[in-house]
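Reader: Could you take me through this structure? I shall ask as we go.

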Amino acid sequence: MKNLLLYVTVCLLATLASCGKSETGGVRFENLTLQQALDKAGEENKLVFVDAHTSWCIPCRRMDHEVFPQKKVGDYMNATFVNVRFDMEKGEGLEIAEKYGVTRYPTFLVLAPDGTPVGTEVGGSRADKFLERIKEVVNLRPAPAQDADPTPGGSNPDMAE
């Protein structure tokens, strides 16, 4: 009986430890449609990150278990993106795969709030390399167009010539 009680206690502690681990870091993938994610990104002034995966993809699983749970990855991804994931062989994933030309897995799409692709990365990698690749996509995106101010020196009258 003592062994059973010890076994149950260890299992309970292991379960609690793993639950706390997922809440304290890592990428928060939201259960949203793509349109909901785009709308939310617009409201929060973020981009959308789409993890395009399949159930049979080994590198996809590796990303799920080894990269996305890491705090350093979650810190950047959660601050920069509305994160969503779709199985490209089911439901809305079928439409996303066709619309954005996803044919290899994992594919990571970075989208502007209007759905325009900012960049795409294909293939799994270790956390540091993944972050480097995603940051490069974000840093290479064109700046939003701004209305030109016809006032010489801009809109500050003290700067006018």
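**Disulfide and surroundings**

Author: Searching the whole structure yields one disulfide, that is, a pair of cysteine sulfur atoms within 2.5 Å. This is a predicted model, in which local features need pLDDT of at least 70 and side-chain atom pairs count only at pLDDT 80 or more, while totals for chains, interfaces and linings use all residues. Residues are numbered from 1 along each chain as its sequence is written, and side-chain values use heavy atoms, with hydrogens and water left out.

Reader: Which cysteines form the disulfide?

Author: Cys57 and Cys60 do, with their sulfur atoms 2.3 Å apart. The torsion about their S-S bond is about 85°, so the disulfide is right-handed.

Reader: Is Cys57 buried or exposed?

Author: Cys57 is buried, at a relative accessible area of 3%. Buried means under 20% relative accessible area, exposed over 50% and partly exposed in between, using a 1.4 Å probe and protein chains only. Cys60 is buried as well, at 4%.

Reader: Turning to Asp51, where is it found?

Author: Asp51 is found in strand β1, residues 47-53. Strands (E, at least two residues) and helices (H or I, at least four) are DSSP runs, numbered from the N terminus. Asp51 counts as buried because its relative accessibility is 3%.

Reader: What does Asp51 touch?

Author: Leaving aside residues up to four places away in sequence, its contacts (heavy atoms within 4.5 Å) include Phe29, Asp64, Arg85 and Thr107.

Reader: How many helices and strands has the chain?

Author: The chain has six helices and four strands, in the order α-α-β-α-α-β-α-β-β-α along the sequence.
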